[in-house]
Amino acid sequence: MHRNAPTTQVLVRGQRSDNDPKGPSVAVVIPAMNEAKNLPSLAARMPEGISEIVLVDGHSEDETVAVARELWPNVRVISQNRRGKGNALACGFAAVESDITVMIDADGSMNPGEIPDFVDALQAGADYAKGSRFAEGGGSSDITRVRALGNRLLNAVTRLAHGTAYTDLCYGYNAFWTRIRPVLSLDPGTPADDHTEKRWGDGFEVETLMNIRVHTAGLRIAEVPSYESPRVFGESNLNAVNDGLRVLRTIAAERQRKPPTSGRSGQAANFRQDELGVVVDFDSERRVRRTGLRRRAQALREQLAEPG
């Protein structure tokens, strides 16, 4: 593992369909533009126990908003202030009131049933849980060879430029403790902004921008295996060449940016993996909140302390 990159794979056993109602509150932010046909698939797999559903509408011309309100009577619908996925996420994040924020696409390609796995990773000690199609246990039936190659190249460039160790830089299924939101430093803008305008950070490059910023701030990062399916209906707005160039520009621009303080004095966390693949944090006295893992964590401590 790269010394400067506190990225750990979290391998979660078994399938869970619901979020723990006794755990932290969870908000799901869904950026959506003309996704009325895809929202039912997303809703059908959404776990119980979600505190907030925040749908950020990108000025849809179909029935996206009406369908969302029918599927989730308590949904919070927000109109984004500018254009692009990045701005939609920034607007949604700013509205979240729950302990944990989860970002997920509206097209049905990401499985909401994996949300408890991301929550587990955060409760295990991570500040930021990064979904990965290329971590052990993840996969994709949608990504093309060209996109996969591009992702690997961008991963390599980011590793060289920033010392990261992500396995999947450009995947947008992530979760984080809402309290770290200032580290992301995303600009939602205001309703007075031109909604046809796309500023820097407002596009698909937002995922790379977030990943670099949480790493640079020294936050505890975990990778969670995730499976990506083809979108249910319609075509993606992603342009592999143009958006790839925006990602490259982001990687370069973030080297010149002075990050805000993370509250951890910029120190990278020291993570190791136990035999079940669950994150154990040896930099604090917190333990994984799972039955039986306290004893395993202590046993692993003793093994690591042994000479040789």
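Me: How many residues has helix H5, and what does it reach from first C-alpha to last?
Reply: In this predicted model, H5 (residues 145-162) has 18 residues and reaches 25 Å, close to the 26 Å expected at 1.5 Å a residue. The expected span is 1.5 Å times one less than the number of residues. Helices are DSSP runs of H or I, at least four residues, and strands are E runs of at least two, numbered from the N terminus.

Me: Which residues of H5 are buried?
Reply: Ala148, Asn151, Leu154, Asn155, Thr158 and His162. Buried means under 20% relative accessible area, exposed over 50%, partly exposed in between (1.4 Å probe, protein chains only).

Me: Why do they line one face?
Reply: Seen down the axis of H5, they fall within an arc of 125 degrees, so they line one face of the helix. The arc is taken over directions from the helix axis to the C-beta atoms.

Me: What does the face turned away carry?
Reply: The exposed residues Arg145, Val146, Arg152, Leu153 and Leu160.

Me: Switching to the largest nonpolar core: which residues touch the most other members?
Reply: Ile30, Met46, Trp72 and Ile115, out of 34 residues. A nonpolar core is a set of buried Ala, Val, Leu, Ile, Met, Phe, Trp, Tyr and Cys residues joined through side-chain atoms within 4.5 Å.

Me: Which element gives the largest share?
Reply: H4, with 5 residues.

Me: Any caveats on the numbers?
Reply: Local features need pLDDT of at least 70 and side-chain atom pairs count only at pLDDT 80 or more, while totals for chains, interfaces and linings use all residues. Residues are numbered from 1 along each chain as its sequence is written, and side-chain values use heavy atoms, leaving out hydrogens and water.
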